[in-house]
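The following note is offered to a colleague who is meeting this structure for the first time. Please read the points in order, with the model open alongside.

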Amino acid sequence: CQPGDLFVALDTADGDGHEEIGQAIARGAAAVLTERLVPVDVPQCVVRDTRIAHGRVCQILAGQPAQYMHVTGVTGTYGKTVTSLLIASVLESGERQVGVISSLGRSSTCGRQIALQRLTATPSAPELARWLATACEQGCSHAVLETSGDALANHIINGLGLDVAVITNIGRAPIDLYGSALNYRQVKARILEQLKPDGFAVLNSDDPHCPSFLSHLENPCITIGIRNPAEITAQIVERHRSEQTFLIEAGDETIPVRTRVIGDQHVYNCLLATAVGLVSGIDLTTIVRGLERVEAVPGRL
């Protein structure tokens, strides 16, 4: 904390920031953002949840870059990283300038993402805001954010409007972190609350929790699936140890896709990326070109 700063008292698993307000003021804090009134002689703004307010403040201080970019958030239990990279590849094939942030690394230079170090899926609220602002300044028209459950639980992306929210699937809940399966689903569903008024959701119709998300969704939604009815579906044609071929069906269009990455999970990931591409106005042939460009994922088998 430096002289003139606003100190935000965050109550997290690591500790209660309200206990550090006195120290922050001693270091020069000009005001505090808090969840309860405290006996101090500087201005204080009392809110229900400082984590939510913190995310909004960070985005505003960064110039609200999401207002000038098309932003896609991706969450779920499995497939977040690969789906994020597939979406970026599809957008790049459609000649969009894309920045990506995932557990493999960050790219805000509108070029190929290079993993330099192991990172958490989503950075802190100030880091996320700064990264988005940098990507916007460097000419990125689109941003793809891998969003972890921890980031949603701590409201890291609050204040950030999403054009597309993708939920890959909901697997077994880490009870030690979330307490119950219901809590886990509710945390993942928070990404839908970040959609802009004209934003889209992309959901997996083969996931048993998809209907519960749809029942609380006010925005338009595109569903994908292999087994259950959906707007965008896939049919496996053939599969070998080194590649697989499947047909993507979207409306009255059907097109084959051949990928070096095998398995049903990758088909789901490709369908999710296809949905984002279609929402972004990219034709199906160009989308497939982007899907097939991803032959391997750094650090993954």
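1. The open sheet. In this predicted model, three strands form an open sheet in the order 1-4-5, with parallel pairing. Strand 1 (6-8) and strand 5 (44-46) are the edge strands; each has a single partner strand, so one side of each is left without a neighbour in the sheet. On average, and ignoring direction, neighbouring strands of this sheet are turned by 15° against each other.

2. Pairing within the sheet. As general background, strands of a sheet pair through backbone hydrogen bonds, in either a parallel or an antiparallel manner. Here, strand 1 pairs with strand 4 (residues 31-34) in the parallel sense, over three bridges. A useful residue to locate is phenylalanine 7, whose bridge partner in strand 4 is valine 32.

3. A helix across the strands. Helix 2 (residues 50-61) lies across strand 1 and strand 4. The direction of helix 2 runs at about 125° to strand 4.

4. The largest nonpolar core. In soluble globular proteins, nonpolar side chains tend to be buried together. The largest nonpolar core of this model has 39 residues, of which Ile87, Val166, Val202, Ile224, Ile232, Ile248 and Leu291 touch the most other members. Helix 9 (residues 264-279) gives the most to this core, contributing eight residues.

5. Contacts of isoleucine 87. Which residues does isoleucine 87 touch, not counting residues up to four places away in sequence? They are Thr72, Val74, Val144, Val166, Ala273 and Val276. Of these contacts, Val166 is also named with Ile87 among the core residues that touch the most other members.

6. Another core. Apart from the largest core lies another, of 36 residues. Its members include Ala66, Ala151, Leu160 and Phe213.

7. Glutamate 95. The phi angle of glutamate 95 is near 65°, a positive value in a residue other than glycine. Glutamate 95 is placed in the loop between helix 3 (80-93) and strand 7 (98-102). Is glutamate 95 buried or exposed? With a relative accessible area of 73%, glutamate 95 is exposed, because the cut-off for that class is over 50%.

8. Histidine 155. A positive phi in a residue other than glycine is also found at histidine 155, with a value near 60°. The loop that holds histidine 155 lies between helix 5 (149-153) and strand 10 (162-167). Histidine 155 has 9% relative accessibility and therefore counts as buried, the limit being under 20%.

Methods
Residues numbered from 1 in each chain as written. Predicted model: local features only at pLDDT ≥ 70, side-chain atom pairs only at ≥ 80, totals over all residues. Heavy atoms only, no water. Pairing = 2+ DSSP bridges. Helix = DSSP H or I, 4+ residues; strand = E, 2+ residues; numbered from the N terminus. Axes fitted to C-alpha atoms, helices over the stretch in contact; angles between N-to-C directions. Contact = heavy atoms within 4.5 Å. Core = buried A, V, L, I, M, F, W, Y, C linked by side-chain atoms within 4.5 Å. Buried < 20%, exposed > 50% of the residue type's maximum accessible area, 1.4 Å probe, protein only.
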